[in-house]
Amino acid sequence: MFVTLPDLNVHVRLDGPPGAPALLLLHSLGTSSDIWDGMTEALSRHFRVIRPDMRGHGLTGVTPGPYTIEGLAADALAVLDVLGVGTAHVAGVSIGGLIAQAMALRAPDRLLSVALIDTAPAFPSEASWRERAATVRASGLAGMADTVMARWITPAGLETPAARGLRQIFLRTDPEGYAAACEALAVCDLGARLHAITLPALVVVGEDDPSTPVAAARTLAEALPSARLVVLSRASHIPTVERPDAVAQVLLDFLVPAGDDEMAPDLYAVGMGVRRAVLGTAHVERSTTRITAFDRYFQTFITRTAWGQVWSRPQFDRRTRSIVTLALLAGLGCEEEFALHVRASRNTGCSDEDIAELLLHVAVYAGIPKANGAIRCAKEILAEMAAEKNG
């Protein structure tokens, strides 16, 4: 599909259940969203996988350079906005990983975690990137294809169908898009700001990567407050093409922890993101400021379990979960929570008609008095919301 930003038409691939937690995948320089093909099926069992083609790459439009990493991060956030995605896990390869870092610094409330694959906070040197940009504008990409492929894929993998396909993706990249992205790399250095990225983080690197070697990946992981490092054997700079199954497993191990381990790094962050998306950031911020020692563990518990483990499951979309929740709360007579979720219905796609319909089921299966009370409460809340909307 294509989505339109103010100055750009962006090609985006969507996979996985619409109601699942979002996972945004950002590709590398000179490639496209195709580099994630080998792992999309596995990831989409758990996530709504979003794969945009970067500005000037793939089927996305090309604008004149230079680009900036901040601007490319703004593009990615704008794609999420157009798709109605409030929060997402973000994974990126090479320049995609640098864009993910910039997103985490620019809008930390929008990201649930970051997975940084064969990347760095800076790609020296400025002169070499500007020289490459000038060369590509003058002569195109064909002359550097062999050199680039030798850095992207290990010698043992260069003749595989996937590697040959990657070469074709590279050769079909628009020279201006490539050159403009090189100019973005020339001037970006996020190294001094990495300490501010407190999100759960994963750093992945191919053991044979000459562009962002293991030592550089280790330095990146050590600079991030909440990161762990995974080194992939038999892989170079684009392991999503060379070893897609291995990368997919590493991501799933990071994003979908086994069991209910209380210390699993992402459940609270996932839950808080879903909670904000459903109940609204303002409500969640008010609630968290009122937490005391008395209810701190309880609040952590419900954020991790109700929001991080149940509301984030992919089987039901958020409208369906909203309908089920409202019906249960009405049937149990939990008026305060019912009112809260009537307000939340505006964020989940649950309509006034849905609420009226579900209350008929409450009347039949939980009793007319319970439904009558819920109808009165819903009418009051919906009227208040309408008045607020109309000023």
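Which residues are linked with Arg-55 in a network of salt bridges? In this predicted model, the network joins Arg-55 to Asp-7 and Asp-75. It belongs to a structure in which a full search finds 19 salt bridges.

**Overall form**

The protein chain comprises 17 helices and 8 strands. Its C-alpha atoms fill a box of roughly 75 × 40 × 40 Å along the principal axes. For 391 residues, a compact globule would be expected to have a radius of gyration near 21 Å, and the 23 Å of the protein chain agrees with that expectation. Of the 391 residues, 51% are buried.

**Strand S4 and its neighbours**

Strand S4 covers residues 48-52, and 4 of its 5 residues are buried, so this strand is largely enclosed by the rest of the structure. Two strands pair with S4 as follows. Strand S2 (residues 8-15) runs antiparallel to S4 and is joined to it by 4 bridges; within this pairing, Leu-14 stands opposite Ile-50. Strand S3 (residues 22-26) pairs with S4 in the parallel sense, over 3 bridges, and here Leu-23 has Val-49 as its bridge partner. The connection from S3 to S4 involves helix H1 (residues 37-43), and the three elements make a right-handed β-α-β unit.

**Salt bridges**

Three pairs are set out below, each with the separation of the closest N and O atoms or the N to O distance.

| Acidic residue | Basic residue | N to O distance |
|---|---|---|
| Glu-126 | Arg-130 | 3.0 Å |
| Glu-183 | Arg-137 | 2.8 Å |
| Glu-285 | Arg-276 | 3.3 Å |

The pair Glu-183 and Arg-137 links distant parts of the chain: Glu-183 lies in helix H7 (residues 175-187) and Arg-137 in helix H4, 46 residues apart. Glu-183 is buried, because its relative accessible area of 14% falls under the 20% limit. Arg-137, at 38% relative accessibility, is partly exposed.

The salt bridge between Glu-126 and Arg-130 lies within helix H4 (residues 126-139), where a spacing of 4 residues separates the two by about one helical turn. Glu-126 has a relative accessibility of 41% and counts as partly exposed; Arg-130, with a relative accessible area of 36%, is also partly exposed.

In the bridge formed by the side chains of Glu-285 and Arg-276, Glu-285 is partly exposed at 33% relative accessibility. Arg-276 is likewise partly exposed, at 24%.

**Surface features**

Where does Ala-156 lie along the chain? Ala-156 is found in the loop between helix H5 (145-152) and helix H6 (161-171). This residue is exposed, with a relative accessible area of 77%. The C-alpha atom of Ala-156 is separated by 8.6 Å from that of Arg-234, a residue 78 positions away along the chain.

A nonpolar patch of about 380 Å² is also present on the surface, made by Phe-316, Val-324, Leu-328 and Leu-332. Of these, Phe-316 lies in the loop between helix H13 (296-310) and helix H14 (318-332). Phe-316 is partly exposed, its relative accessible area being 35%.

Notes:
Residues are numbered from 1 along each chain as its sequence is written. This is a predicted model: local features need pLDDT of at least 70, side-chain atom pairs count only at pLDDT 80 or more; totals for chains, interfaces and linings use all residues. Side-chain values use heavy atoms; hydrogens and water are left out. Buried means under 20% relative accessible area, exposed over 50%, partly exposed in between (1.4 Å probe, protein chains only). Two strands pair if DSSP finds at least two bridges between them. A crossover is right-handed if, with the strands pointing away from the viewer, the path from the first strand over the helix to the second runs clockwise. Patches are made of residues with over 30% relative accessible area and no salt bridge: like charges are joined within 9 Å, nonpolar side chains (Val, Leu, Ile, Met, Phe, Trp, Tyr) within 5 Å. Accessible areas come from the Shrake-Rupley method with a 1.4 Å probe; for residues, only the protein chains shown count as cover. A salt bridge is a side-chain nitrogen of Lys or Arg within 4 Å of a carboxyl oxygen of Asp or Glu. The radius of gyration is taken over C-alpha atoms; the globule rule is 2.2 Å times the number of residues to the power 0.38.
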